[in-house]
2 protein chains.
Amino acid sequence: MPSLSEENYLKAILFLSGQTQAAVSTNELAARLDAKAASVTEMLRRLSEKKWVEYRPYKGVYLSPAGQDLAAKVLRKHRLWETFLVEKLHFGWEEVHEVAEQLEHISSPKLTDRLSAFLGHPEYDPHGDPIPDPNGVFPKRPKRTLSEVPAGQKVLVQGVRDGDSDFLRYVRQLGIALGDELEVEAVQPFDQSQQVRHGERLLTLSAIAAANIYVL
Amino acid sequence: MPSLSEENYLKAILFLSGQTQAAVSTNELAARLDAKAASVTEMLRRLSEKKWVEYRPYKGVYLSPAGQDLAAKVLRKHRLWETFLVEKLHFGWEEVHEVAEQLEHISSPKLTDRLSAFLGHPEYDPHGDPIPDPNGVFPKRPKRTLSEVPAGQKVLVQGVRDGDSDFLRYVRQLGIALGDELEVEAVQPFDQSQQVRHGERLLTLSAIAAANIYVL
DNA sequence: CTTTATTTTTAGGCTTTCCTAATTTTATTG
DNA sequence: CAATAAAATTAGGAAAGCCTAAAAATAAAG
């Protein structure tokens, strides 16, 4: 059983290596975890001893199959709890992350299963991020982002990538809420920025912003 | 903010001192927390420094008002989560304690409030134990125990005191479940033991057992 | 390809929480 | 009330996680 800290490291490695399973550097981890590089090195040695990561000093680290499984389970719990908080306890989607950071460490497979059933076995959390199944497998069809939407099409806002808080706040500030309808009016060829109609208003979204908004 | 360990100590002191607020001994705490006496002494010194307990070496310890408040809040969370697990996730009342031991340490006043509302602001948990309000105040009317029921009366089983696991198992073994109807047939004058009808069957319950079964 | 800058690791410390063993204080009992 | 037993505390140490500062490895640049 990983400790709370170990779980956070595994989760951070999963996040930073992404689909690609690319090696993650000590400094990247230190930045993500808000810790010093020396602390990260020490923890990586320990995770490596426990066979949860493949660690080459000076070269970086990636998850072993066992580590992937553990990290996916934590992520599953995190996203299930976020779903619970939004759907059942009526939290705003931008305020659930912190609490879910705590709840994700509760260790009870039965609780996780029952919670998932209680929520109707959701495949995506309120931010639009996929929820791994009990075996750590992510749902098939990936979400489309606003970048992929050609001019003239209407879409519904589903969420933002990884539930990034700052970005979430930015989107809300623009007046965009979950479930809102957007229509892509035009895409600028030179920088891929989009002109988007939101009700009466016309907004400009950078390519980066558009790539981080999930739509349906 | 108390640490997880500190919360467990405060909760244990609350439990052992009960209503009376009597001083609790080092060994009692060590037994309850499954720790060594030396560890308890050390922690009591620290809790005392933080003004959460009144501690006199060799004399025992009791909660300060601040400590009472903290302990009650943890207990509130514990019992709310137990209620959630039983009522919403259909756990058995005897299997919720362990998970609630983890959930009780989640720190989010908003979550606690919302959870309480979601459950309809219950005053008693599935074991029949009272749930303190957000200010640490316990509900007024205390539950009646089977001991107080005179011969000839019918009652519904509500729970057992403090959710004691061993006792819970004993009661279940007798075939008694939450919500079952019992009829007190007779009370023995010499030892206060009771003859109780449970459906077709006639059971004998000791005074101690009867005093630990909550009824309505 | 050597010098400089960056990244990473090592060395050594600190806090929390727990432990065992030894000592001291309090309680019990003949 | 002295001797023994029980309870509690102190002393010293370990593991987990984190830190700063110094050293070593790697990468970048002239």
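This report looks at a β-hairpin in chain A and at the protein surface around DNA strand C, all in a predicted model.

## The hairpin in chain A

Let's start with the strands. Residues 53-56 of chain A form β1, and residues 60-63 of chain A form β2; the two pair in the antiparallel sense, with 4 bridges between them. If you want a way into that ladder, pick E54(A): its bridge partner in β2(A) is Y62(A).

The connection between β1(A) and β2(A) has 3 residues, and Y58(A) takes a positive phi there, near 70°. Keep an eye on Y58(A), as a backbone N or O atom of this residue also sits 2.9 Å from a phosphate oxygen of DNA strand C.

## Who surrounds DNA strand C

Both chains show up here: of the 20 residues that surround DNA strand C, the closest are T41(A) and Y55(A), along with S3(B), S39(B) and R46(B). Of the DNA strand C atoms that come within 4 Å of the protein, 76% belong to sugar and phosphate.

As for helices, α2 and α3 of chain A and α1 and α3 of chain B each supply at least two residues of this surface. The largest share comes from α3(B), with 5 residues. Sorted by class, you get 10 nonpolar, 7 polar and 3 charged residues.

## Side chains at the phosphates

Two side chains are worth a click. An N or O atom in the side chain of T41(A) is 2.7 Å from a phosphate oxygen of DNA strand C. Over in chain B, the side chain of S5(B) has an N or O atom 3.1 Å from a phosphate oxygen of DNA strand C.

Terms used:
Residues are numbered from 1 along each chain as its sequence is written. Chains are lettered from A and ligands numbered from 1 in the order in which they are written. This is a predicted model: local features need pLDDT of at least 70, side-chain atom pairs count only at pLDDT 80 or more; totals for chains, interfaces and linings use all residues. Side-chain values use heavy atoms; hydrogens and water are left out. Two strands pair if DSSP finds at least two bridges between them. A residue is near a molecule or strand if one of its heavy atoms lies within 4 Å of it. A polar contact is a pair of N or O atoms within 3.5 Å; within protein, one must be able to donate a hydrogen and the other to accept it, and residues adjacent in sequence count only if both atoms are side-chain atoms. Ala, Val, Leu, Ile, Met, Phe, Trp, Tyr, Cys and Pro count as nonpolar, Asp, Glu, Lys and Arg as charged, and the others, Gly among them, as polar.
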